[in-house]
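Ready to practise reading a protein model? Grab a pencil and work through the exercises below, one step at a time.

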Amino acid sequence: MCECPQEELGNLQKYPPRKAEKYRAWVNESDAKNLHNDGVKPVTNALWTLKDVVPNELIRSDILHTMILGNLQHLMEWIKGFLEFHNRLPAFDNSWSSLPYYSGNYVPHKSYRLLSQVSGKEMRSILMVILSVFNAALHRKTDTQRPTASQEQEFKRAISCVLYLTDFALLSRYRSHTDSTIGYMREYLQEFHRTKDVFLRYQATKATKGRADLVSKELTERNKSRNVEANANGSTAAQKARAAVEDRYERAYLVNQVLVEDSHFNFPKIHLIMHWADQISRYGSLLQYSTEVCETSHKALKDAYRRSNHVDRIPQIIQGYSRSHSFAAKELDMAAWATEDPAIQQRLGDVVRPKRKETRLIVPAGTKIYVTLEGKGAVQVVYDLVHVAEEFMIPELGDHIVQFFACNICQAANDTESDAERILLHATVQAYNSLEIPVPDQDVDENNAYKLQHVRATRGNMWRGKEARRDAVWVHIESMRLRPTSVTGCLRGYHRLVTGFLNTLFTLRGSNGELYKLAHVTLLEWAGNPTPNGPEGMSEVKEFLHGGGQTVVWLCAIEGVAHLVPWEPERNWIVNNRGDYHVWNEMNDE
Ligand SMILES: [Zn+2]
């Protein structure tokens with residue numbers, strides 16, 4: 001697109017656009033030297049002859065191959081190298097493998113270092129979590145060595161670099177842009193280029209790594225012979241120790257020198273994204289040119305290949321693909337007939353597959369939306385509150401329910417606490433496994449579109465053969481009076497929302513005949529940012545001491561899935577605000 005020479009591809013510098021007339025003249029004059037210098041092949045390009053066509057204006061970048069499967073793939077390699085060098089791979093793997101499940105999100109099955117062939121879909125999900133997991137790995141204290149001062153500096157730089165590249169990538173996937181989003185893209189890219197050198201040594205080629213190994217080996221040999229000499233001269237233990245420390249620094253310095261010297265970022269994909277901000281302001285969102293759409297149509301063919309015997313595959317793929325295609329078309333026909341005529345619907349009942357439940361909800365403007373309880377658990381029994389606590393395996397649940405009723409129902413009605421106990425005396429309790437929450441969907445253009453999130457609390461029971469679920473959620477605390485020990489006043493940055501774990505979901509019919517929809521949660525305390533005033537813009541949350549934070553809340557106070565990334569095991573989490581725009585916007589909306 002522009003005249004940027006190969007050895008400058010990794011630098012953020014603007015070059016004039018390529019000029020077709022110039023190349024056409026050179027080709028006519030057979031000026032091979034000039035063509036070669038400008039990196040143009042000595043052949044006539046058909047586009048040069050078309051009237052009013054500017055060939056370099058025709059090129060549109062493809063997000064999928066340039067960013068998702070290009071630069072982000074590189075970033076993953078750099079991160080791997082960085083973690084390995086700083087001995088943080090185990091910490092990273094630990095956070096990575098214990099990422100909590102959230103609906104609509106990717107949960108990695110493989111350890112990060114085993115991910116080699118990543119699909120576009122997987123990479124898009126990795127993009128959402130990579131910054132927080134990297135952050136957690138570098139800040140973790142459990143089972144890791146304390147970083148030195150110079151390491152801390154490098155960690156900070158590396159986090160910034162990952163932050164700027166991933167935020168740039170997230171912005172580039174926006175469906176619509178404003179001047180400020182395009183401005184952010186320019187700024188983030190600039191910052192990425194300013195910080196990228198922290199990963200330079202991990203960009204080294206095999207040959208360079210080989211040279212670095214050689215340097216290291218030579219040093220070992222030299223040190224060995226010198227040590228023999230020192231022993232002969234009768235050096236003291238202190239002298240030897242000092243020499244060993246010096247050797248270590250020298251080796252680190254020299255090896256780094258070799259790795260950095262021959263490495264560079266001059267590959268085309270890193271240059272291409274430099275044109276994105278301009279391209280968006282001239283031609284609109286990049287998504288419309290993305291090959292992601294076309295690539296999904298390969299899926300049916302790939303499935304057909306997998307079903308073939310892999311030997312005589314081509315006719316089998318064609319046959320298999322055509323068969324499933326025509327069956328799908330017939331099915332759609334039948335579904336259409338069935339909606340028109342109830343009699344047909346009855347006869348086709350067994351044939352027409354029931355539609356899968358919609359994961360998206362679009363309602364008219366101004367319509368109120370509700371959360372929905374799903375998955376009844378246990379049989380409906382008349383409990384007293386002690387039995388409730390036993391059944392749900394939360395010893396203090398009974399007390400918490402009484403407290404909640406006293407503060408939020410009886411006091412509001414100028415009632416006394418004894419009335420809370422009266423309402424609860426013969427209450428009926430029904431447990432549920434999951435909650436469907438509509439959250440604003442920013443991936444579609446329509447207003448009033450919601451994504452349906454499912455959060456689960458399985459009360460210690462297994463969930464689909466895997467461990468019990470106790471999902472992390474956002475809780476809107478403004479509308480309730482909670483136990484003072486369970487909430488630490490206003491949390492900076494989140495005036496309305498706190499994070500917590502969902503312990504159980506239930507409805508309770510009081511002796512007064514009213515039905516109350518409630519949840520029991522363990523709220524988490526906001527504990528600051530991983531690096532004070534750091535660039536991450538991410539918050540740390542931790543568990544309250546001595547079981548504080550446990551409380552009953554209104555069901556409607558639960559606002560959706562909170563994306564928490566484990567940091568210190570079972571104690572601290574990082575709030576991943578890249579997980580969904582809803583949270584990101586809510587937090588920055590002050
Ligand atoms: Zn260019």
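**Exercise 1. Find the residue in strand 12 that stands opposite E540, then trace how the strands around this pair fit together.**

Step 1. Look across from E540 and you land on I574, in strand 12. Before going on, note that this is a predicted model, where local features need pLDDT of at least 70, side-chain atom pairs count only at pLDDT 80 or more, and totals for chains, interfaces and linings use all residues. Residues are numbered from 1 along each chain as its sequence is written.

Step 2. Get the terms straight: helices (H or I, at least four residues) and strands (E, at least two) are DSSP runs, numbered from the N terminus. Two strands pair if DSSP finds at least two bridges between them.

Step 3. Strand 12 covers residues 572-575, and its pairing with strand 8 is antiparallel, with four bridges.

Step 4. Now try strand 7 (residues 515-528): it also pairs with strand 8 (residues 539-543) in the antiparallel sense, over four bridges. Here L524 has E543 of strand 8 as its bridge partner.

**Exercise 2. List the buried residues of helix 4 and name some of what covers them.**

Step 1. Use the cut-offs: a residue is buried if 20 or more other C-beta atoms lie within 10 Å of its own, exposed if 12 or fewer, and partly exposed in between, with C-beta atoms placed from the backbone.

Step 2. In helix 4 (residues 89-97), that gives you A91, F92, N94, S95 and W96.

Step 3. Their cover includes helix 3 (63-85), helix 5 (120-139) and strand 11 (564-566). Contact here asks for C-beta atoms, placed from the backbone, within 7 Å.

**Exercise 3. Describe the largest nonpolar core and say which helix gives the most to it.**

Step 1. A nonpolar core is a set of buried Ala, Val, Leu, Ile, Met, Phe, Trp, Tyr and Cys residues joined through C-beta atoms within 7 Å.

Step 2. The largest one has 99 residues, and V133, F134, V162, V473, V475 and V565 have the most contacts inside it. Helix 5 gives the most, with 11 residues.

Step 3. Pick V475 and check its partners: leaving out residues up to four places away in sequence, they include L497, V521 and I558.

**Exercise 4. Is N87 buried or exposed?**

Step 1. Locate N87 in the loop between helix 3 and helix 4.

Step 2. Count: 12 other C-beta atoms lie within 10 Å, so N87 is exposed.

Step 3. Check the backbone too: N87 isn't a glycine, yet its phi is positive, about 60 degrees.

Key
Contact = placed C-beta atoms within 7 Å.
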